[in-house]
Amino acid sequence: MTPPTHLDPSELGNKEYWDTTYSNDLTTHTQNPTHTGAIWFSTSNASSLTIAHLLSLSPPLPKSKTTFLDLGTGNGEMLFLLRSKGGFTGSMLGIDYSPASIQLATRVARQKGYDTDEEIRFREWDILREPTAENGWEEGQFDVVLDKGTFDAISLNEETDGLGRRVCEGYRDRVVKMVKVGGRFLVTSCNWTESELKEWFEGKVRDGSNHGLEFEGRVEYPKFRFGGNEGQSVYGICFRRTS
């Protein structure tokens, strides 16, 4: 697979940026508990549209048994809405590489009355650099894995991995292994088009196994027309793990 042309690096791809952002949110939340931090793609109603897509799947996802992993969970908002608006009550885990994010999400969850040991858990984890076994969960454990802007941020990181690739090129292989066979990976992006997201995520992983993702559907976002061309500012693509 040849990935699309890389994005120019930005501070939004750096861990230090997000550590500072969530540390500031923590301080503000202490002073004003109604402040829970920014919600990515809120102007596009992404969270509600994502939930609507999940609820439209056939056969329906079992609300009491479907397990969720939220990559780059931020303030945990996506998981809270899955329970309060989506009606899902299965195990949920939000991960983020920023410790301040995990502190904020845990604090907000408890404020909302959720059990952060059973209902919604939050853990610090760097998906690109750390193994899963040390964190208490297994590969292939989750029915639905969500990414709402995390791949966008990773795509803006200029660091390279041990193979000399931009770190975003190794993301898919790590993500696929977290999804159950037959489970879904749903990615929301404002940096990549539908065709580019397919280029990034469809196909088999590179480790010699047969694990892979295939396109299943899309979240419908408003479209605009300009100069005779149709487009949209946000894309939500649902992939299914095939093996």
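Okay, let's start in the middle of the sheet: L71 has D147 in β4 as its bridge partner. That pair belongs to a parallel pairing of β1, residues 68–71, with β4, and four bridges hold the two strands in register with each other as partners. Before I go on, a reminder that this is a predicted model.

So, β4. On its other pairing, β4 runs parallel with β5, this time over six bridges. If you want one to click on, take L146, whose bridge partner in β5 is L186. And how many residues of β4 are buried? Seven of the seven, across residues 142–148, so the strand is largely enclosed by the rest of the structure.

Let's zoom out to the whole sheet. There are eight strands in an open sheet, and the order reads β3-β2-β1-β4-β5-β10-β7-β6, with mixed pairing. Which strands sit at the edges? β3, at 120–124, and β6, at 203–204, each of them pairing on one side only.

Walk along from β5 and you get to β10. Strand β5, residues 179–189, and β10 are antiparallel and joined by six bridges. R184 is matched there with R240 in β10, an Arg across from an Arg. Then β10 also pairs with β7, residues 212–219, again antiparallel and again with six bridges. In that pairing R218 stands opposite I237 of β10. As for how covered β10 is, six of the seven residues in 235–241 are buried.

Now back to the β3 end. β2, residues 92–96, and β3 run parallel, with five bridges between them. I95 is the residue that stands opposite R123 in β3. Lying across β2 and β3 is helix α4, which runs at about 165 degrees to β3.

And α4 has a helix partner. People describe two packed helices by the angle between their axes and the distance between the axes. For α1, residues 15–31, against α4, residues 99–111, the angle is about 30 degrees and the axes are 7 Å apart. The crossing of α1 and α4 is left-handed. On the α1 side the contact residues are K15, D19, Y22, S23, D25, L26, H29 and T30, and on the α4 side they are P99, A100, S101, Q103, L104, R107, V108 and Q111. What is that contact made of? Six nonpolar residues, six polar and four charged.

Next helix, α3. Is α3 mostly covered or mostly open? Mostly covered, with seven of its eight residues buried. The buried ones are E77, M78, L79, F80, L81, L82 and R83. The elements covering them include α2, at 46–56, along with β1, β2, α4, β3 and β4.

F80 is a nice one to follow, as it takes us to the aromatics. The model has 14 aromatic pairs. In one of them, F80 and F122 have ring centres 6.0 Å apart and planes at 75 degrees, and with anything over 60 counting as edge-to-face, that is what this pair is. F80 is in α3, residues 77–84, and F122 is in β3, so the pair ties together parts that are 42 residues apart in sequence. Both rings belong to buried residues: F80 has a relative accessible area of 5%, and F122 comes in at 3%.

There's an aromatic cluster as well. F151, Y171, F185, W192, W200, F201 and F239 group into one.

Last stop, F88. Where does F88 lie? In the loop between α3 and β2. Loop or not, F88 is buried, with a relative accessible area of 1%. Leaving aside neighbours within four places in sequence, F88 is in contact with L55, L61, P62, K63, T66, F68, L82 and R83. Out of those, K63 is 25 residues from F88 in sequence, yet C-alpha to C-alpha the two are 4.4 Å apart. L82 and R83 you'll remember from the buried list in α3.

That's my tour. Happy to pull up any of these on the screen.

Key
Residues are numbered from 1 along each chain as its sequence is written. This is a predicted model: local features need pLDDT of at least 70, side-chain atom pairs count only at pLDDT 80 or more; totals for chains, interfaces and linings use all residues. Side-chain values use heavy atoms; hydrogens and water are left out. Axes are lines fitted to C-alpha atoms, for helices over the stretch in contact, and angles run from 0 to 180 degrees between N-to-C directions. A crossing is left-handed if the near helix is turned anticlockwise from the far one by less than a right angle, and right-handed if clockwise. Contact means heavy atoms within 4.5 Å. Ala, Val, Leu, Ile, Met, Phe, Trp, Tyr, Cys and Pro count as nonpolar, Asp, Glu, Lys and Arg as charged, and the others, Gly among them, as polar. Two strands pair if DSSP finds at least two bridges between them. Rings of Phe, Tyr and Trp (its six-membered ring) pair if their centres lie within 6.5 Å; planes under 30 degrees apart count as stacked, over 60 as edge-to-face and the rest as tilted. Buried means under 20% relative accessible area, exposed over 50%, partly exposed in between (1.4 Å probe, protein chains only).
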